[in-house]
Amino acid sequence: MYELEANNPAPITFQVKSTKPWEVIGTQGWYSISPDKGEAGETHDVTITCSSNKELDDRIDTISIKSDYWVGKRFVLLQKGIAYLNADGTDFTISKDGGTAAFQVRANQKWTARVTDGASWLSIVSGEAGELDGEVQVSVKKNNGERRVGLVELCDRHGVARCVVECVQTGVVLEPAKPENGKWFALEANAQQFEVAVETNADWTAEKNDENDSWLNILSVTSDKITLSVMKNEGQAVRQGIVLLKTKAEEGIESITKELKF
């Protein structure tokens, strides 16, 4: 498939050679083919030149290269339309106490807005639908827990999502570094100390999920990391342990718990 820009698209050039007379054909009139036919034996450079597309929608056609009644090749020619839909002023953060925020819609078409994630605490106050440039205003409930992100989707005149706006609300942050495999921290068999960085904005503590895991011990907890001591594994079996990170509960603020798996 050849995909072309709406305005001043660059010509497409390809070569055709056949043992019999050939032709290149399509069904639409928004492009020209030169040459569109040729004799057998010689190699010909064929150029397709498209006019600018002034419509909102994309336009598409199938080009066929034929020789006699044989179709040697077909390909799709797609030219983008001039429709656009995006958002400005989306770099905002809403207080944990709740409130409202707004962002600008830039469009040359009809559009709609909808909440696709966070609907229990995030809603659209105004701007659920519009045409051309506009504004969407959202409202957010008070957050007693972890920092959260809701999503507002902008859909074009066909109902197709074209832009997603993240609505961030502050709250408790407790984010330990992620292991490389995304599941657990793989430790060597020898005795060692192991550190895990922690991003947080709250006081927090750490404890083992199972106090019987004597091979795994917490050495220290600071504002930005936890340090653990790991004993040598003398056996043949893999052993597993879990450390729980917890923020301190305060009045009106929930405690957050995260797991570190080893």
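This passage looks at two pockets and one small group of strands in a predicted model.

The pockets make a friendly starting point. In the largest pocket there is about 330 Å³ of space. Its lining is made up of 17 residues, and those closest to the centre of this pocket are L187, V238, R239, Q240 and F262. Sorted by the character of their side chains, the lining residues of the largest pocket comprise eleven nonpolar, three polar and three charged ones.

The second largest pocket has a volume of about 240 Å³. Here 13 residues form the lining, with D58, A83, D156, R157 and R162 closest to the centre. Its lining contains four nonpolar, three polar and six charged residues. Readers can find these residues in the structure above and set the two linings side by side: eleven nonpolar and three charged residues in the largest pocket, against four nonpolar and six charged in the second largest.

Attention now turns to the strands. Three of them form an open sheet in the order β20-β23-β24, and the pairing is antiparallel. At the edges of this sheet lie β20, which covers residues 204-208, and β24, which covers residues 257-261; each of these two strands pairs on one side only. On average, neighbouring strands of the sheet are turned by 25° against each other, when direction is ignored.

The pairing between β23 and β24 can be followed in detail. Strand β23 spans residues 242-247 and pairs with β24 in the antiparallel sense over five bridges. For a concrete example, L245 has K258 in β24 as its bridge partner.

Note on methods
Residues are numbered from 1 along each chain as its sequence is written. This is a predicted model: local features need pLDDT of at least 70, side-chain atom pairs count only at pLDDT 80 or more; totals for chains, interfaces and linings use all residues. Side-chain values use heavy atoms; hydrogens and water are left out. On a 1 Å grid over the protein atoms alone, a cavity is a set of points where a 1.4 Å probe fits but cannot get out, and a pocket is an open set with protein on both sides within 12 Å along at least five of seven lines; lining residues have an atom within 4 Å of a point. Grid points are joined across faces, edges and corners, and a volume is the space filled by probe spheres set on the points. Ala, Val, Leu, Ile, Met, Phe, Trp, Tyr, Cys and Pro count as nonpolar, Asp, Glu, Lys and Arg as charged, and the others, Gly among them, as polar. Two strands pair if DSSP finds at least two bridges between them. Helices (H or I, at least four residues) and strands (E, at least two) are DSSP runs, numbered from the N terminus. Axes are lines fitted to C-alpha atoms, for helices over the stretch in contact, and angles run from 0 to 180 degrees between N-to-C directions.
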